[in-house]
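User: I'd like a close look at one part of this model, the place where the ligand sits. Could you walk me through it in plain words?

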Amino acid sequence: MSTIVQNPTTKSFETRLFINGKFVEASDGGTFDVISPSTGERIAQVSEATEQDTNAAVAAAKAAFPAWSGLTSESHVELAELEALSMGRPVSAYFESFVAAQTLDHFSEAGYQVMGKSSLNQNGYVNMTLRQPYGVVGGILPWNVPVGFLINKAAPALAAGNTFVIKSSEKAPLTSAKIATLVEKAGFPPGVFNIISGHGPVCGSVLAHHMDIRVLTFTGSTRTGRLLQEASAKSNLKNLILELGGKSPAIIFPDCNIEKAVKQTSFSIQFNSGQTCMGNSRIYVHEAIADNFIEKFKQAFVVQSGDPLLPGTNPGPQADLIQYNQVQRYIEEGKKVAKIILGDEPLENWPKNGFFIQPTIFVNTPEDATIMKQEIFGPVVSINTFASEDEAVAKANDTEYGLYAAVYTKDISRALRMAKRLESGNVGINCTSPTTFPDVPFGGYKSSGVGREGWNESLNAFLEVKTVMIELDEE
Ligand code: NAD
């Protein structure tokens, strides 16, 4: 039975677990509620996978693996169908559905890229490597980009010949549930592509400890990333791909295009209500242009918020009450140590109910303050100044995170000096997050992650390498 979800385009919605090609209730009948962040009302009840359900999903994926891994890349037809369904019936107007379709399009052809190497370097031998799927791959999703990440993980894992079990985030299970109905329609063989919903404990933790899962791909917080590494160490040393948190700096030099820098850096931290891993939550502006930059940033940072279903609204509320309370707590902490120049007084026309956070700017924040060190995950930015390149680099790198750094300058030598010195998996020069591209790697330095995702990187991450040595007989 589907749970009814009231929204303008969808009257009823499938929210059960998708295991072995079928929609099923949780074995104990358990569900959890999805609460609208705009109104605080319940909009759906979603099945909560028990340990037994999670094990059943892994067992289905294990049983489906031999037949699936034996298919050639001609199985691209199934993936192409999924792309068509995804494009034709998008779950919403998110950019994500387009990104997801592009990803599926790419990986539907990519199976042919799976090849080993051969070597004649050793006398009397022909040596070669084979690339083979691991078996069952697991995935765990965050709530902030659910469809994009689901497909980003599923498409390369499946194209490499693995079978797949993914858990959606308890905060955003609906779009994954929708994708499950598309997977069913696309006609994947039962067990190949399983989508389950539930909280970290129980079902996330069962996946992390599972002896039959050989690779686990995860996007989420650094805190959970650590737990997954512990679980891997305690179970079967499964490989982990970890895309974790960030505290991304943007560095603004006096010779930059200041209007562009203001526009892009304010969008970066406002995008998705500040709920992105790579939002430039720390801005370092050269003291020669600080007043001008901050004034312009303040103007740009005031936007139209409201009902996320209405066109023109951007951004919407925070994802839920927990997220809202967390951001408010950080703002209160910030007020104790830094000067707040936007966010203290309620903006006119700002929504009164729901989990809406005012755009907030702090200046002169001590570098060791909690709000400079920890992820806030809201439309909250700290703008500090610097006098020299060395100072900017030292401040930008003084963090345990290293996901995305941005540099605005017209001096190409300075830009490249900075790119070399910044401890960050991604560096934008005269651009900032969310600018990323699928054909270049994405991932973090330091505690922002392990491994990389991308068109080239993701396929390899889901393939084992086997070395075969062949001794040739003398003539
Ligand atoms: P989270 O770590 O709280 O949860 C992510 C997922 O992990 C959820 O599905 C959750 O149920 C699951 N989980 C929680 N505890 C678990 C456990 N003990 N065992 C197994 N699974 C468990 O993260 P979130 O709040 O959903 O997402 C926000 C975080 O994700 C932020 O830190 C953000 O920076 C990060 N993020 C990173 C990237 C990236 O590409 N680097 C992208 C988006 C978000």
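How much space lies in the second largest pocket?

Analyst: Keep in mind that this is a predicted model. The second largest pocket holds about 1,100 Å³ of space, and the ligand sits in this pocket.

Let's start with the walls. The lining of the second largest pocket is made up of 40 residues. Nearest the centre of the pocket you'll find F218, G220, S221, R223 and T224. As for the character of the lining, 16 residues are nonpolar, 15 are polar and 9 are charged.

Which elements build it? At least two lining residues each come from α6 (200-209), β12 (213-219), α7 (222-234) and α10 (321-337). Helix α7 gives the most, with 8 residues. Helix α6 has a quirk to look at while you're there: V202 is found in this helix, and the peptide bond leading from P201 into V202 is cis, with omega near 20°.

Now for the ligand itself. There are 30 residues around the ligand, and those that come nearest are L141, E170, S221, T224 and E375. S221 and T224 are also on the list of residues nearest the centre of the pocket. Sorted by class, the shell around the ligand has 13 nonpolar, 12 polar and 5 charged residues.

Next, the polar contacts. E170 puts a polar side-chain atom 2.6 Å from an oxygen atom of the ligand. For S221, an N or O atom in the side chain is 2.6 Å from a ligand oxygen atom. R223 has a polar side-chain atom 3.4 Å from an oxygen atom of the ligand. As for cover, the ligand taken alone exposes 840 Å², and the protein buries 91% of that.

The shell can be read by element too. Those giving two or more residues to the shell around the ligand are α6, β12 and α7. Helix α7 has the largest share of this shell, 4 residues, just as α7 gives the most to the lining of the pocket.

If you want to check some backbone geometry as well, there are two other spots to bring up on screen. The peptide bond from S433 to P434 is cis, with omega near 10°, and P434 has its place in the loop between β20 (426-429) and β21 (449-450). S273 has a positive phi, near 55°, and is a residue other than glycine; you'll find S273 in the loop between α8 (258-270) and β15 (282-286).

Key. Residues numbered from 1 in each chain as written. Predicted model: local features only at pLDDT ≥ 70, side-chain atom pairs only at ≥ 80, totals over all residues. Heavy atoms only, no water. 1 Å grid on protein atoms, 1.4 Å probe; cavity = no way out; pocket = protein on both sides within 12 Å on 5 of 7 lines; lining within 4 Å. Points joined across faces, edges and corners; volume = space filled by probe spheres on them. Nonpolar A, V, L, I, M, F, W, Y, C, P; charged D, E, K, R; others polar. Near = heavy atom within 4 Å. Polar contact = N/O pair within 3.5 Å; in protein donor to acceptor, adjacent residues only side chain to side chain. Areas by Shrake-Rupley, 256 points an atom, 1.4 Å probe, with all protein chains shown as cover. Sits in = over half its atoms within 2 Å of the grid points.
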